[in-house]
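Good morning, everyone, and thank you for making room for me today. Please have the sequence and the model open, since I would like us to walk through them together.

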Amino acid sequence: MDQEPLDPTEAFAELGRIKLNETDLDHVLGRIAELAKRTIPGADEVSVTLIPGKGPRTAAFTGELALALDERQYEIGAGPCLEAATTTATVSIPDLTREERWPDYRSLALDSGVHSALSVGLPVDQTVTGALNIYATKPDAFDDDAALMAQTFSGYAAVALANAHLYDVTATLAQHMQAAMESRAVIEQAKGIIMGDRHCTADEAFKILSKLSQDTNRKLRDVAEALVANAARGRG
């Protein structure tokens, strides 16, 4: 069942209340799509397109219809959501029966019952752009007020999304750094064990550890962990 329309002030406040340490990027994207559907007059379905280095993808959507229309645009390499995402502009199609651009997309949209579309650019950071895509089954569903609301909503959403993206990137980097530090620590332990057993230098111990990794086709860290574990059991 569709949720009741939401007052824009409450929607903006909810975007600002998102606690990044209690959620993840996918959840933020999902909330943006859901809130947009309830806030922007005339919206039947909403999606969020992101274009990172690997190419465009629909990161959140309120219904399969929005997803299908987005993906058709990715397939043909053109359409309102891609134009909005790459230019960070607003692309409005009041009535798809009168739209002459993107004929493949237009045909699918009309066959699916969509007659109006509105895409608003979402600048995330220097490496990622996106668009908020709003679809309607009625022609001329988005008047000037609706377009202005979509742009205002997108401004708030872009801030929330940029913060979530930065938090996600920073958290991932921290995890990688932690893993790297743990790997280094266990490798140093393994080198110490080899040095003690074979009375060799640190460089010689590392070469022995590396050769064992290559000979067994295992990661250096896995070999080091196994060696440290065996040594611990031997002392037990």
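Let me begin with a question: at what angle do helix 3 and helix 4 pack, and how far apart are their axes? In this model, which is a predicted one, helix 3, residues 64-76, and helix 4, residues 80-87, pack at an angle of about 75°, and their axes are 8 Å apart. Angles from 65 to 115 degrees count as roughly perpendicular, and therefore we describe helix 3 and helix 4 as roughly perpendicular to each other. On the side of helix 3 the contact is made by D70, Q73 and Y74, while helix 4 contributes P80, C81 and L82. If we sort the residues of this contact by character, we find 4 nonpolar, 1 polar and 1 charged.

Let me stay with helix 4 for a moment. Its buried residues are P80, C81, L82, A84 and A85, and these buried residues pack against strand 1, helix 3, strand 3, helix 5, strand 4 and strand 5. For C81 we can give the reason for the label, because its relative accessibility is 0% and buried means under 20%. Another cysteine, C200, also counts as buried, because its relative accessibility is 14%. You may wonder how many disulfides the structure holds, and the answer is 0.

Now to the strands, and in particular to strand 5, which covers residues 129-136 and is mostly covered, with 7 of its 8 residues buried. Which way does strand 5 pair with strand 4? The pairing of strand 4, residues 116-123, with strand 5 is antiparallel and runs over 8 bridges, and within it S119 stands opposite N133 of strand 5. Strand 1, residues 45-51, also pairs with strand 5 in the antiparallel sense, here over 7 bridges, and E45 has Y135 in strand 5 as its bridge partner. As a general point to keep in mind when looking at such strands, in a regular strand the side chains alternate between the two faces of the sheet.

Next, I would like to point out a few residues with a positive phi. Just after helix 4, T88 takes a positive phi of about 55°. W102, which is not a glycine, has a positive phi of about 50°, and you will find W102 in the loop between strand 3 and helix 5. D140, again a residue other than glycine, has a phi near 55°, and D140 lies in the loop between strand 5 and helix 6, residues 144-198. Are these two loop residues, W102 and D140, buried or exposed? W102 is buried, because its relative accessible area is 13%, whereas D140 is partly exposed, because its relative accessible area is 47%.

Finally, let us step back to the whole chain. The protein chain has 8 helices and 5 strands, and from the N terminus on the elements run α-α-β-β-α-α-β-α-β-β-α-α-α. Of its 236 residues, 39% count as buried. If we take the contacts in the chain with a separation of 6 or more, then 57% of them come from residues 24 or more positions apart.

Key:
Residues numbered from 1 in each chain as written. Predicted model: local features only at pLDDT ≥ 70, side-chain atom pairs only at ≥ 80, totals over all residues. Heavy atoms only, no water. Buried < 20%, exposed > 50% of the residue type's maximum accessible area, 1.4 Å probe, protein only. Helix = DSSP H or I, 4+ residues; strand = E, 2+ residues; numbered from the N terminus. Pairing = 2+ DSSP bridges. Disulfide = S-S within 2.5 Å. Axes fitted to C-alpha atoms, helices over the stretch in contact; angles between N-to-C directions. Parallel < 35°, antiparallel > 145°, perpendicular 65-115°, else oblique. Contact = heavy atoms within 4.5 Å. Nonpolar A, V, L, I, M, F, W, Y, C, P; charged D, E, K, R; others polar.
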